[in-house]
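Q: I would like to go through the cavities, pockets and overall fold of this model. Could we begin with the enclosed space?

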Amino acid sequence: MKKLFGVIGDPISHSMSPAMHNDLFHAYGIDAHYQPLHVKKENLGDAIRGLRAIGISGFNITVPHKEAIMPLLDELDPLARAIGAVNTVVNQNGKLKGYNTDGSGYVKGLLEEISSVRDKKVLIVGAGGAARAIYFTLAKEGPQLLDICNRTVSKADFIVEDCPYLVPARALDIQEAEKILETYDLIVQTTPIGMLPDIQKSPLSIHNLKSGTFVSDIIYNPLETQLLREASNKGAGIQNGLDMFVYQGALAFEKWTGIEPEIKRMRDKVLKQLG
Ligand code: ATR
């Protein structure tokens, strides 16, 4: 019988996950379908009960359900529990287990571009859900320093305090970080600033950026943000958010099927969707 997968969110029509995963099922000869599922906040409990009842094989969860889904699952991966958000669920013989592949997807994509995080001084910009997932996963890699700056410093403080891995770290405001930008080897931008339609905006001034720094922005729409353009002009290495999106999907696909999918195929499919 055809297996069913999907992604739950609100809104959901813009999601590129269905095209990406259905293409992979086709490519690997798996009799399965991946469906976008529009679920409003107040209906999440009913939706999960329904998906259990029909024996869904696995699903992704996106905005605004990544936190609210947690108490509705039977088991949580320890990293997902620490992050406090789930983006991937696997149905293991009737038990729903939640994982977070956002942070690990980010780090996997990053390590395609830079050799290691262990020798790096890192700055994360932003302190929302994506920042939290990336912060904890990068902390696990053991960088020399893992600072985080945010408009609301208290939110950055919470992330530093909650981090389950011991690493030298400070929570800063944006201006403090801007002043010492040349001390960082890796800067990770996680806020929505610079996303369509506000493509001229950048979350911080990079006046003090040194050319050897690698700047990574998790935005992929547009593919080159104002921040990345400025960083590239200063001689920095850059990476957009396409890799994080593709690798979080690849890690989910692997959990569902045991197959490590071809990244280039996935990237090409998403680029085609982006137009
Ligand atoms: P996600 O869960 O997708 O990561 P989020 O939780 O909405 O997104 O977090 C958005 C991040 O972008 C936050 O760090 C937010 O800063 P605050 O914590 O101060 O709200 C940051 N952000 C969003 N809009 C911003 C703006 N106009 N200026 C500065 N920071 C902004």
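**Cavity, pocket and fold**

A: The largest cavity holds about 40 Å³ of space. Please note that the model is a predicted one.

Q: How many cavities of 30 Å³ or more are there?
A: There is one cavity of that size in the structure.

Q: Which residues line the largest cavity?
A: The lining consists of Y106, L110, S216, D217, I218, Q239, N240, G241, D243 and M244. Two or more of the lining residues come from each of helix 4 (102-110), strand 11 (214-217) and helix 9 (242-257).

Q: And what is the chemical character of that lining?
A: Four of the lining residues of the largest cavity are nonpolar, four are polar and two are charged.

Q: Let us stay with helix 4. Which of its residues are buried?
A: The buried residues of helix 4 are D102, G103, G105, Y106, V107, G109 and L110. Since seven of the nine residues in helix 4 are buried, the rest of the structure largely encloses this helix.

Q: What covers those buried residues?
A: The cover of helix 4 includes helix 5, strand 10 (186-189), strand 11, strand 12 (237-239) and helix 9. Of these, strand 11 and helix 9 also contribute to the lining of the largest cavity.

Q: Turning to open sites, how much space lies in the largest pocket?
A: The largest pocket contains about 1500 Å³ of space.

Q: Which residues lie nearest its centre?
A: V63, K66, A130, M195 and I218 lie nearest the centre of the largest pocket, out of 49 lining residues. I218 is also one of the residues that line the largest cavity.

Q: Which elements supply at least two residues of the pocket lining, and how does that lining divide?
A: Strand 3 (58-61), helix 5 (129-140) and helix 9 each supply at least two residues. The lining of the largest pocket comprises 26 nonpolar, 18 polar and five charged residues.

Q: Now the whole fold: how many helices and strands?
A: The protein has 10 helices and 12 strands. Among its contacts with a separation of 6 or more, 66% join residues 24 or more positions apart.

Q: What are its overall dimensions?
A: The C-alpha trace spans about 60 × 40 × 35 Å along the principal axes. The radius of gyration is 19 Å, which agrees with the value near 19 Å for a compact globule of 275 residues.

Q: Lastly, what about burial and surface?
A: Of the 275 residues, 49% count as buried. The protein exposes about 12600 Å², and carbon and sulfur atoms supply 50% of that area.

How values were computed
Residues are numbered from 1 along each chain as its sequence is written. This is a predicted model: local features need pLDDT of at least 70, side-chain atom pairs count only at pLDDT 80 or more; totals for chains, interfaces and linings use all residues. Side-chain values use heavy atoms; hydrogens and water are left out. On a 1 Å grid over the protein atoms alone, a cavity is a set of points where a 1.4 Å probe fits but cannot get out, and a pocket is an open set with protein on both sides within 12 Å along at least five of seven lines; lining residues have an atom within 4 Å of a point. Grid points are joined across faces, edges and corners, and a volume is the space filled by probe spheres set on the points. Helices (H or I, at least four residues) and strands (E, at least two) are DSSP runs, numbered from the N terminus. Ala, Val, Leu, Ile, Met, Phe, Trp, Tyr, Cys and Pro count as nonpolar, Asp, Glu, Lys and Arg as charged, and the others, Gly among them, as polar. The radius of gyration is taken over C-alpha atoms; the globule rule is 2.2 Å times the number of residues to the power 0.38. Buried means under 20% relative accessible area, exposed over 50%, partly exposed in between (1.4 Å probe, protein chains only). Contact means heavy atoms within 4.5 Å. Accessible areas come from the Shrake-Rupley method with a 1.4 Å probe; for residues, only the protein chains shown count as cover.
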